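Work through the exercises below with the model open beside you. Each task is followed by a solution in steps.

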Amino acid sequence: MPQNWTLRKPKPMLNPTLITVIMAATIIGAMAGALGSFLVLRGQSLLGDVISHAALPGVVGAFLASGGRGFGAILGGALISGALAGLVVQMLRQGAGVKSDAALGSVMSLFFAAGVVLLSVAQLQPGAAGLTVFLFGQAASVLRADLMPMAIVALFVLGVLALFWKEFQLVTFDREAAQAQGLPVLVLETTLTVLIAVAIVLGLALAGVVLMVAMLIAPAVAARQWVRSLGAMVVLAGIFGIVAGSGGAFLSALGTGVATGPVMVLMAVALTFGSLLLAPDRGIAARWQRQRLARRALRGRQVLAALHGLSRDHHDPSYRSDEAMLDAYLGANAAPVLARLERDGYIRAAAPLAPENEVRRWELTPAGVMRLQDVGASPDA
Amino acid sequence: MAQLHEPHIACHVEDLTVSYRERPVLWDIDLDIPPGVMAAIVGPNGAGKSTLIKSVLGLVKPVAGHVRIFGLPVAQVRRRIAYVPQRQSVDWDFPATVRDVVLMGLYGQLGWLRRPGRKARARAMAALEQVGMQDYAARPISQLSGGQQQRAFIARALVQEADLLFLDEPMAGVDAVTEAAIVTLLKAQRDAGRTVVVVHHDLQTVARYFDWLVMLNQRIIAQGPVTEIYTEDNLRAAYGGQLALIGSLRGHGLEPDAPKPDAPRSDAPKLDAPKAQTDA
């Protein structure tokens with residue numbers, strides 16, 4: 001295979017290079033989204049970041065050892081250094097009693113620093129200039145010949161996920177229950193972590209070690225907003241991953257030498273923010289709307305109760321209350337509330353007592369009295 | 001197949017010692033729970049109640065001792081055991097419906113590569129009906145109240161149709177109505193011949209709910225029928241000097257100390273004869 005690992009100038013749209021890039025981004029996006037769901041649900045996003053950063057020394061080491069950039073060598077090197085990082089994290093936590101996040105944070109920096117040092121050494125070698133794409137990703141660095149092995153690995157990963165679906169589901173939701181049922185929890189968790197690591201490593205050339213984990217986390221967080229089952233979450237996260245991945249790859253290929261990773265991540269994060277804002281039920285907008293409706297209903301009940309209380313105080317069931325009194329009672333302009341209540345038939349307006357008196361007066365309708373009783377809240381309580 | 005050891009005992013624990021790092025949590029536990037009882041494990045915070053259940057189930061590795069369930073090692077009788085962990089031990093924002101969670105109880109029985117089918121779904125629905133949650137089957141678990149979460153977890157255990165149920169604080173943080181429903185449900189399980197073991201925190205209800213009692217404070221303080229074990233002496237031994245607590249429990253089935261002629265208990269009100277201990 002020719003080592004054309006240097007950046008190539010983007011050619012006109014939808015040339016073969018661009019098609020290759022989009023296909024690669026589709027594969028990576030789908031796999032990252034699907035596996036990312038498990039990463040997020042297990043609360044291990046930071047571990048994903050460690051695996052991704054820790055891959056750098058492995059990638060560079062594999063290049064130095066094999067003297068070139070072969071798909072298998074890069075994948076293997078990254079996985080080995082990722083596993084090594086995981087081991088060090090484990091040692092720090094259980095051997096030295098370091099808190100989880102501190103262990104993860106320091107190991108991430110340690111491996112990334114080692115990777116950058118190795119990278120600067122490797123740059124002296126011929127043909128190594130392209131290695132820097134692993135920092136932030138470069139879509140154009142993906143070769144057509146990489147597509148097939150990429151697709152095979154992705155299919156394998158998703159196949160394992162499908163095969164042991166219910167076990168992965170139970171281990172992710174309730175580890176102890178899985179253990180009590182006799183499932184080999186440690187094996188399952190390790191397998192899941194390895195699958196996640198493969199998904200991360202496979203995307204490194206495209207998204208870069210610094211940002212790859214966002215391609216797992218962001219689609220999963222976005223998908224969580226819309227679904228009520230794990231299956232739906234994984235599928236939707238995969239779709240979001242495809243949209244962000246291929247869209248980002250396409251956009252970055254339009255410019256000259258624009259790093260792909262950041263554009264893909266920006267797209268993924270846009271999807272996430274959109275989902276956090278707009279999703280029904282769980283979205284921020286939906287929550288605001290619910291709060292607004294609840295406040296509105298409360299105001300309405302307050303006004304009905306005030307009307308009821310005034311008529312009782314005057315010993316007059318058909319007492320008509322002055323709108324100004326209701327304004328005073330609410331501490332705000334009661335007109336919009338009154339308009340809604342009138343529209344719903346709970347109150348009706350009466351003519352002013354004196355013609356020079358502009359202010360409207362209101363009385364409860366039988367429906368309004370019923371409404372008060374419905375709610376169960378005694379108006380004079 | 002291992003040799004049967006104490007097969008007539010539902011849960012037999014011998015010389016069990018568990019320690020987290022260097023700190024012993026359970027010390028030299030010998031425990032026998034006969035079949036067909038509803039047993040409570042009580043003890044102060046940090047007594048190792050949850051750890052005892054977890055080490056019986058093999059979730060925590062003991063440093064010494066062994067466990068036999070119906071005479072066999074736990075690994076060989078997993079299908080006869082169901083476990084309800086503490087409700088707070090999982091993230092209830094997990095994307096799953098109530099039915100999904102109940103079905104998870106069957107995953108171990110289904111075996112590898114098999115998906116829950118129609119029969120499993122029917123069993124899940126039946127379990128949900130038992131806990132009165134059939135109308136919530138399609139509800140996302142993130143929308144459940146605490147009591148509903150607990151009932152969903154119990155349904156997940158019931159669906160396994162196990163002979164021995166372990167529940168870790170099932171009555172913690174649920175309202176009185178739910179608590180009563182759970183107790184009725186568990187008593188029905190016991191009356192059907194199953195063995196129910198519950199980590200319990202409320203001493204006031206021990207005598208009313210349970211017929212077997214294990215008092216624990218790192219060691220076994222006492223174990224046996226609740227009528228014999230629920231005494232002031234044992235409580236004092238388990239809970240230390242918190243005598244005010246013990247005073248408040250009189251009238252909740254607490255047995256008085258044996259009268260001591262040299263120490264008349266002028267402060268203690270006369271105790272009536274102990275109430276009926278169980279409604280079995």
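**Exercise 1. The contact between the chains**

Task: How many residues does each chain bring to the contact, and which helices of chain A supply at least two residues?

Solution. This is a predicted model. Begin with the count: chain A gives 20 residues and chain B gives 19 residues. Next, locate the side of chain A that touches chain B: α7 (165–173), α8 (175–180) and α12 (230–254) of chain A each supply at least two of its residues. Finally, sort that side by class: 10 of its residues are nonpolar, 4 are polar and 6 are charged.

**Exercise 2. The sheet of chain A**

Task: In what order do the strands of the sheet lie, and which of them stand at the edges?

Solution. Take the order first: the open sheet of chain A has 3 strands, arranged β1-β3-β2 with antiparallel pairing. Then look at the ends of that order. β1 (321–322) and β2 (347–350) of chain A each have a single partner strand, so one side of each has no neighbour in the sheet, and these two are the edge strands. A helix also packs here: α16 (residues 335–343) of chain A touches β2 and β3 of chain A, and its direction makes about 110° with that of β2(A).

Now examine one pairing. Between β2(A) and β3 (residues 361–364) of chain A there are 4 bridges, and the two strands run antiparallel. One of the bridge partners can be named: A:Ile347 is matched by A:Leu364 in β3(A).

**Exercise 3. Two helices that cross**

Task: Are helices α14 and α15 of chain A parallel, antiparallel, perpendicular or oblique to each other?

Solution. Two packed helices are described by the angle and the distance between their axes. For α14 (residues 284–313) and α15 (residues 323–330) of chain A, the axes come within 11 Å and cross at roughly 130°. Angles from 65 to 115 degrees count as roughly perpendicular and those over 145 as roughly antiparallel. The helices α14(A) and α15(A) are therefore oblique. The crossing of α14(A) past α15(A) is right-handed.

The residues in contact are A:Arg299, A:Gln302, A:Val303 and A:Ala306 from α14(A), with A:Leu326, A:Tyr329 and A:Leu330 from α15(A). By class, this contact has 5 nonpolar, 1 polar and 1 charged residues.

**Exercise 4. Chain A as a whole**

Task: What is the radius of gyration of chain A, and what would a compact globule of 381 residues have?

Solution. Chain A contains 17 helices and 3 strands. Its C-alpha atoms fill a box of roughly 100 × 55 × 35 Å along the principal axes. The radius of gyration of chain A is 31 Å, whereas a compact globule of 381 residues would have one near 21 Å.

Key
Residues numbered from 1 in each chain as written. Chains lettered and ligands numbered in written order. Predicted model: local features only at pLDDT ≥ 70, side-chain atom pairs only at ≥ 80, totals over all residues. Contact = placed C-beta atoms within 7 Å. Nonpolar A, V, L, I, M, F, W, Y, C, P; charged D, E, K, R; others polar. Pairing = 2+ DSSP bridges. Axes fitted to C-alpha atoms, helices over the stretch in contact; angles between N-to-C directions. Parallel < 35°, antiparallel > 145°, perpendicular 65-115°, else oblique. Left-handed = near helix turned anticlockwise from the far one by under 90°. Rg over C-alpha atoms; globule rule 2.2 N^0.38 Å.
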